[in-house]
Amino acid sequence: MSIVITGANGQLGSLIIKQLLQNVQSDSIIACVRDLEKAKPYLAQGIEVRFCEYDQPESLQQAFAGASKLLLISSSNPDDTIRLRQHAHVIEAAKKSKVGHLLYTSFAFLGTGTISPAHLHLATEHAILTSGIPHTFLRNALYTDFVGVLELDKAIATGELGIYPGDWKFNTVTRGDLALGIAAVLSDAGAGLGHNGEHHGHKHKTYELTAPHSWTFYDLVIALSELTGKPITLRQDPQIQNWIYGFLGKIDTSSTSADLESLIGGSVTSLKESLKPFITMKY
Ligand SMILES: NC(=O)c1ccc[n+]([C@@H]2O[C@H](COP(=O)([O-])OP(=O)(O)OC[C@H]3O[C@@H](n4cnc5c(N)ncnc54)[C@H](OP(=O)(O)O)[C@@H]3O)[C@@H](O)[C@H]2O)c1
């Protein structure tokens with residue numbers, strides 16, 4: 001069995017491989033990267049490294065040769081038209097390489113989103129369906145990292161978190177939890193067992209990898225206060241200008257699912273714990 005992973009030098013890809021090493025032998029993992037130098041630590045762990053550049057279709061077919069499973073981690077290119085073309089290159093190469101199972105890191109609750117990332121992920125899912133390759137859609141929620149733009153340090157210093165008014169709810173998750181869930185799928189753990197104990201596998205499934213409960217900005221200030229021991233209140237301010245609110249308003253960040261917790265067989269990281277990396281000041 002060969003599990004081939006694109007974007008292997010990226011943040012999510014690295015965490016998935018780290019987790020996967022707990023479940024499978026290193027020689028069954030193939031890390032696909034566009035910077036071979038950066039991937040040297042994988043070689044030291046017994047992981048095969050292959051060159052893979054989404055913009056060079058000829059590199060992809062070779063990179064995917066012999067893959068029983070291929071995880072396409074969505075491209076990080078900022079232009080969604082380019083991303084779509086890159087994903088199409090990957091899907092075409094996967095078909096030519098006769099990949100047995102194509103898994104794709106999509107975006108959670110796509111149906112209600114109206115902005116280009118939602119269209120991109122839906123279009124990629126459709127292209128995968130069109131290819132006929134057995135698939136799994138791993139629809140990742142918004143990373144909790146978005147809190148990084150909310151100026152948490154300033155809120156701790158001033159005792160006040162300023163937010164744009166609205167009935168905001170978030171189903172965010174950490175990359176670490178996503179990596180746990182995705183590694184479980186890639187190593188065939190966590191798949192549903194039927195009443196007769198038969199393994200159902202993950203092919204042709206769509207998982208909404210969100211937290212099972214959404215949180216609000218009130219929950220955020222409570223968590224911040226608990227972490228720092230300082231009272232922090234919420235201030236709704238229509239003057240606040242931040243691109244993130246335009247983005248958040250156009251995606252479904254409130255629907256929840258139990259999929260991620262069932263895959264990881266436990267609870268997702270708490271909001272309080274997830275906030276720690278985004279607080280740089282001493283408190
Ligand atoms: N759910 C969310 O909230 C959220 C937020 C941001 C992004 N995303 C999506 O999730 C993906 C994974 O997240 P992440 O945190 O791991 O992002 P990341 O750290 O930026 O990793 C993206 C990976 O894609 C690789 N890549 C980019 N363009 C490529 C190309 N043309 N050919 C081959 N590989 C290419 C990068 O290669 P290098 O290492 O060589 O740069 C990198 O390894 C992102 O790419 C993005 O599509 C989701």
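Tutor: Before we start: this is a predicted model, and a helix here is a DSSP run of H or I with at least four residues, numbered from the N terminus. With that in hand, Asp 188 sits just after α7 and takes a positive phi of about 65°.

Student: How do you know that α7 has the span expected for a helix?

Tutor: Take its twelve residues, 175-186, at 1.5 Å a residue, and you expect 16 Å; the end C-alpha atoms are 16 Å apart, so the two values agree.

Student: What makes α7 "mostly covered"?

Tutor: Buried means under 20% relative accessible area, and ten of the twelve residues in α7 are buried. Among them are Arg 175 and Asp 177, along with Leu 178, Ile 182, Val 185 and Leu 186.

Student: And α4, how do you know that its span fits a helix?

Tutor: Run the sum again: the 17 residues of α4, numbered 80-96, should span 24 Å, and the end C-alpha atoms are 24 Å apart, so expectation and model agree.

Student: Which residues of α4 are buried, and what covers them?

Tutor: The buried ones are Asp 80, Arg 83, Gln 86, His 87, His 89, Val 90, Ile 91, Ala 93 and Ala 94. Their cover includes the helices α3 (57-63) and α5 (116-131), plus the strands β4 (69-72) and β5 (102-107).

Student: Let's go on to the loop between α4 and β5, where Lys 98 is placed. Why is Lys 98 called exposed?

Tutor: The cut-off for exposed is over 50%; Lys 98 has a relative accessible area of 70%, so exposed is the right word. Lys 98 also has a positive phi of about 55°, although it is not a glycine.

Student: Which other residue has a positive phi of about 55° although it is not a glycine?

Tutor: That's Glu 151, found in the loop between β6 and α6. Gly 148 has its place in the loop between β6 (135-140) and α6 (152-158) too.

Student: Why does Gly 148 count as partly exposed?

Tutor: Partly exposed is the range between the 20% and 50% limits, and Gly 148 comes in at 47% relative accessibility, so that's its class. As for distance, Gly 148 and Ile 17 are 131 residues apart along the chain, with 25 Å between their C-alpha atoms.

Student: Trp 215 is in a loop as well, the one between β8 (205-209) and α8 (217-228). Is Trp 215 buried or exposed, and what makes it so?

Tutor: Buried: its relative accessible area is 7%, and the limit is under 20%. Leaving aside neighbours within four places in sequence, Trp 215 is in contact with Phe 146, Val 147, Trp 168, Lys 169, Phe 170, Thr 172, Leu 220 and Leu 271. Tyr 42, 173 residues from Trp 215 along the chain, has its C-alpha atom 37 Å from that of Trp 215.

Student: Zooming out, how do you know that the chain's radius of gyration agrees with a compact globule?

Tutor: For 283 residues, a compact globule would be near 19 Å, and the chain has 20 Å, which agrees. The C-alpha atoms fill a box of roughly 55 × 45 × 40 Å along the principal axes, and buried residues make up 50% of the chain.

Student: What share of the contacts between residues at least 6 apart joins residues at least 24 apart?

Tutor: That share is 77%. The chain as a whole has eleven helices and nine strands.

Methods: Residues are numbered from 1 along each chain as its sequence is written. This is a predicted model: local features need pLDDT of at least 70, side-chain atom pairs count only at pLDDT 80 or more; totals for chains, interfaces and linings use all residues. Side-chain values use heavy atoms; hydrogens and water are left out. Helices (H or I, at least four residues) and strands (E, at least two) are DSSP runs, numbered from the N terminus. The radius of gyration is taken over C-alpha atoms; the globule rule is 2.2 Å times the number of residues to the power 0.38. Buried means under 20% relative accessible area, exposed over 50%, partly exposed in between (1.4 Å probe, protein chains only). Contact means heavy atoms within 4.5 Å. The expected span of a helix is 1.5 Å times one less than its number of residues.
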